[in-house]
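Colleague: Please take me through the enclosed spaces and the aromatic contacts, giving the reason for each label.

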Amino acid sequence: MEATANSGRMIPEQVWDQPDPTWHGHVFGKGTGSAAPLAWAMAQYVRLAQGIAAGRPVETPAVVADRYRTGPAATAALTVAGPDDLSTAGNRTVRVHGTTDAPSVVVGVGPTKKRVAVSGGAFSTEVELTGIDNTISVAAVGRDGSTAYERRTVPSYGERVGGLTDPAGDDHGPGTYVYPTNGAFSPDSFDLTRFEVFRDGDRVRFVTRVAGAINNPWGGNGMSVQRVNVLLRDPTRTTATAPGLPCTNTATAGTWQRAIVADGRYADQPLSLGVYDPALSKVSTAELRVVPATHDIVVTVPASALGLDIAGAGYQVSIYSNAEPGEGIGLVRPLYSKAHWDNGFP
């Protein structure tokens, strides 16, 4: 490390490791023109020098060395009975409970932590979930110093208004459609399994879950393969069947009042992410969030942009392949023969 230093004895961030000459004038074993000194490189040099002199790693905290000096630390008994991992909270507060042989546990959600007493080997507390994708941590320390730790991922979208489930394995259109052979399309990634609506203050969240992984091969905002349409209508308005959005080959039982579009790629294209009226005018922007662990596509919109009672509204949810600009209509990829994909299309 000393040999890499410059004339001012400063350790660089990067060192050229090839004997071949370069037009930059790099010298084998010397800095490449990167930051010098680099704080962590200089600090590591000081630690290494002190460690060599002392004959041991001097930066190891004493508490860590004492804990593991005789081998792996003992494990306390800890079972978190709820909430279940990857379960969706019905509102912003959730009960964390379980059993342990420790005198207390520490429960944390993000940066917020609190100690919870144990009574009769059991603990229970309520925590607030402030985000969409929340990590709940539970740690226990026994009287003998033994420890245990469990973690739960619990999405929270607000207060659940309603929803529906859909059978898995029906993502084949009329029964003959197959997925493109292009590697961007993961299995089951267009198989809708759940749709839920949540109210969170003055916002409404529409959450669509698919069975497969949500890939993002083309650099979208969380997703670039799928796009989701949610059509809302007032069931008290009796009208004739109305067509859905362009190029979707769908219709609603009555005229729809709002369309929610989830699109992770094109903010400047027609029918991109947002809220639309029947004239296809955008009446509001929207926020998109993808939760990979649960395969959830989350669209958040202002409640004021919907103009109808979300608890009593009728919903139609559909998912499509996201197209390139100029391909198809309304950014919906049209159907292609399997031969196109087998030949490397697109």
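Modeller: Arg227, Asn229, Leu245, Pro246, Thr248, Leu271, Gly330 and Val332 line the second largest cavity. This is a predicted model, in which local features need pLDDT of at least 70 and side-chain atom pairs 80 or more, while totals for chains, interfaces and linings use all residues. Residues are numbered from 1 along each chain, and side-chain values use heavy atoms, without hydrogens and water.

Colleague: What makes the space lined by these residues a cavity?

Modeller: On a 1 Å grid over the protein atoms alone, a 1.4 Å probe fits there but cannot get out, and lining residues have an atom within 4 Å of a point. The volume of this second largest cavity is about 30 Å³.

Colleague: How is the lining of the second largest cavity divided by class?

Modeller: It has four nonpolar, three polar and one charged residues. Arg227 is in this lining, and Arg counts as charged, as do Asp, Glu and Lys. The largest cavity, of about 50 Å³, has seven nonpolar, one polar and no charged residues in its lining.

Colleague: Why is the pair of Tyr157 and Phe198 called edge-to-face?

Modeller: Their centres are 5.3 Å apart and their planes 65°; rings pair with centres within 6.5 Å, and planes over 60 degrees apart count as edge-to-face, so both conditions are met.

Colleague: Is Tyr157 buried or exposed?

Modeller: Tyr157 is at 0% relative accessibility, and buried means under 20% (1.4 Å probe, protein chains only), so Tyr157 counts as buried. Phe198, at 1%, is also buried.

Technical notes
Phe/Tyr/Trp six-rings, centres within 6.5 Å; stacked < 30°, edge-to-face > 60°. Buried < 20%, exposed > 50% of the residue type's maximum accessible area, 1.4 Å probe, protein only. 1 Å grid on protein atoms, 1.4 Å probe; cavity = no way out; pocket = protein on both sides within 12 Å on 5 of 7 lines; lining within 4 Å. Points joined across faces, edges and corners; volume = space filled by probe spheres on them.
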